[in-house]
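Here are a few short exercises on ring contacts and a hairpin, each with a worked solution. Have your viewer open and try each task before reading on.

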Amino acid sequence: MTASSANRSSSSPSSSKAALTPSGPGRSLPAWKLPYARLLERWCRALLAHQVHGMGPGLDGGLLCPACARVHGRCADAVHPLLCQAWISGDMRYRDAAIALLDWSQAVSGDDGSWTNEISGHEWKGITVFSVIALGEALRHHGDLLNRPTCARWRERLRRGADYVHANLTIATGNINYPVAAAAALAVCSAVLGEARYANRARELAASCMEFFTAHDSIPWGEGSKQPSPRGLRAVDLGYNVEETLPNLGLYASILGDSAVLDVVERSWRVHLEFMLPDGGWDDSWGTRLAKWTWWGSRTSDGCAGGLLLFANHDATFAEAAARNLALLERCTHDGLLYGGPHHHARGFAPCIHHTFCHARSIAAALDLGVDPAANRISAPAQGVRSYPDLATWIVRRGPWRATLTASDTMNPDVLSSHPSGGSLSLLWHERTGPLLCASMAEFRLVEPSNMQTARRASDMATATPRLECDIDGTVYRTDLDIQAEVAVVDERTLEVRARLVDSRHADPATGPLRAVTTYRFSAEALEIDVRADASYAAHVRLVLPVVSLADEPLRAIAGGIELVKPGAVVTVSAINADGDAAPQPLPAGRVFNQVPGFEAVPLSYGVGRGLRLRLSVR
């Protein structure tokens, strides 16, 4: 066991109660846990308010979603956070709600011990792994809140679920998060039920999962096709990695004392943290499951806090990252429920309760941990350009700026729901404004209808990815769909992208390829974007730049450009053509929106002509 592994052993969930001292009916918590407890209490109060009573079998005990007007099949995962809240607060209403919720779960239970994703119309049983983890962790940490008959009933239901996972889950089951979660589920069951066969199978699954880490960056892959892309890249999704795969692999390893796996997980976490923004957001603008991305994580996975805090005893980086994400979750919580993105509430969407009951699991996992976060300093990330060859993605840090460019070709078969490619500037962030540019699905669609909210109007589906586009005879050709683009790092502040404008099938116009060169140049003061396009259609090519902005942020025309007034900062966008003359942009009439990852934006658009230079600055 390495030194870091030895330090981590004290953060095992099994030691949690040593860190919590009874005080009256509830518990006295260490200071660092108080923000987690406050958010858990807000969420659990709202879950109680949305629990169904008096409506009959199939509904009673379930959680009614205010956005989807139904009971989501996975809502019984909330038994863990509800029981945790009962233990912390001493309020047994939460325990009773958890009991009613598990009783409701009979509606999604199979005779073979499995759970299904929905009451009807959805036969996927792989979801059993997450239900087993939730029930097992509730029993492992807070089972003493249940009377004997109830505890026995819960343990029997857990055993049936464990047996299903033991018999049916393999390394080939679903995306990589499923076999990883199966290893965690069986490890939890080995601790709760005391059966060695669960632990043995958990170790086998975890060993197989070790083959699913990329060569250069130690990033789990397998969220999509198991085959490499034409460029040799693997299917990677950051949202699922940080909210399910890494936390569950860490959970498995901490329970069974697998120090080798813990070391791999810690190393991988450090790479993933390079994609966390200072405001606690996760940059999944290049991920294969971008359709589920929201700024705080992924919509129906469990969250990152518990997984990060497993490593907090010896490195404050992990505790700080968890705390930043927690603060973002708080900012996106209104009336007790977590909204699907930073601007969903302002846009008038109702909150899907799925976000809350899933992410409450990770908050409960954090509160169950017996950790004492280290107090060492967190070093600032290095300036310049960082290349991720396993992802065909680049991160730029220059002064107050942070940017991501991606040319990954790991597209899903449903092309227009995939992440952007083409060397797109998929993220632009400034320390005074937060996100300014942020990619979305190429076309919003319900890739997972039961796990995504529907759009309310046409402007809620607008593409938010910065791109070049051209309409030729009614077909739109775009750079963000080009899976053969080339990105060159010119120096530590400059990148050059050579891309084609292609249609949704990645095809060129009938007259031949339409090529463009885009140069991104960063300084402490501004981002400059230079664009040159093939002469044949250059007059019709436009640079589309949806700038993240809430509808109440003033927008005004100024000499040579526009100004956008944000809280504490003013964003200026100006452009000149090849002759050095101003390229004016009429003020857009309103805002567009995309649920991925949940931002309103000002839709700016500039003709490229014989050449265009755009300047974006913040003061």
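**Exercise 1.** Which residues do ring pairs link into a cluster with Phe130?

Solution. Keep in mind that this is a predicted model. Ring pairs join Phe130 with Trp124 and Tyr178 in one cluster.

**Exercise 2.** Classify the pair of Trp124 and Tyr178.

Solution. Start with the overall count, which comes to ten aromatic pairs. In the pair of Trp124 and Tyr178, the ring centres are 5.2 Å apart and the planes stand at 90 degrees, so the pair is edge-to-face. Next, locate the partners: Trp124 is in the loop between helix H4 and helix H5, while Tyr178 belongs to helix H7, so the contact ties together parts 54 residues apart in sequence. Finally, check accessibility: Trp124 is partly exposed at 32%, whereas Tyr178 is buried at 11%.

**Exercise 3.** Do the same for Trp295 and Phe599.

Solution. The centres of these two rings lie 5.3 Å apart with planes at 70 degrees; angles over 60 count as edge-to-face, so the pair of Trp295 and Phe599 is edge-to-face. Trp295 sits in the loop between strand S3 and strand S4 and Phe599 in strand S23, so parts 304 residues apart in sequence are tied together. Trp295 is buried, with 1% relative accessibility, and Phe599 is buried at 8%.

**Exercise 4.** Describe the hairpin of S19 and S20.

Solution. First, the strands: S19 and S20 run antiparallel and are joined by four bridges. Then the turn: two residues lie between the strands, and Gly560 has a positive phi near 85 degrees. Lastly, Ile558 stands opposite Gly561 in S20.

Methods:
Residues numbered from 1 in each chain as written. Predicted model: local features only at pLDDT ≥ 70, side-chain atom pairs only at ≥ 80, totals over all residues. Heavy atoms only, no water. Pairing = 2+ DSSP bridges. Phe/Tyr/Trp six-rings, centres within 6.5 Å; stacked < 30°, edge-to-face > 60°. Buried < 20%, exposed > 50% of the residue type's maximum accessible area, 1.4 Å probe, protein only.
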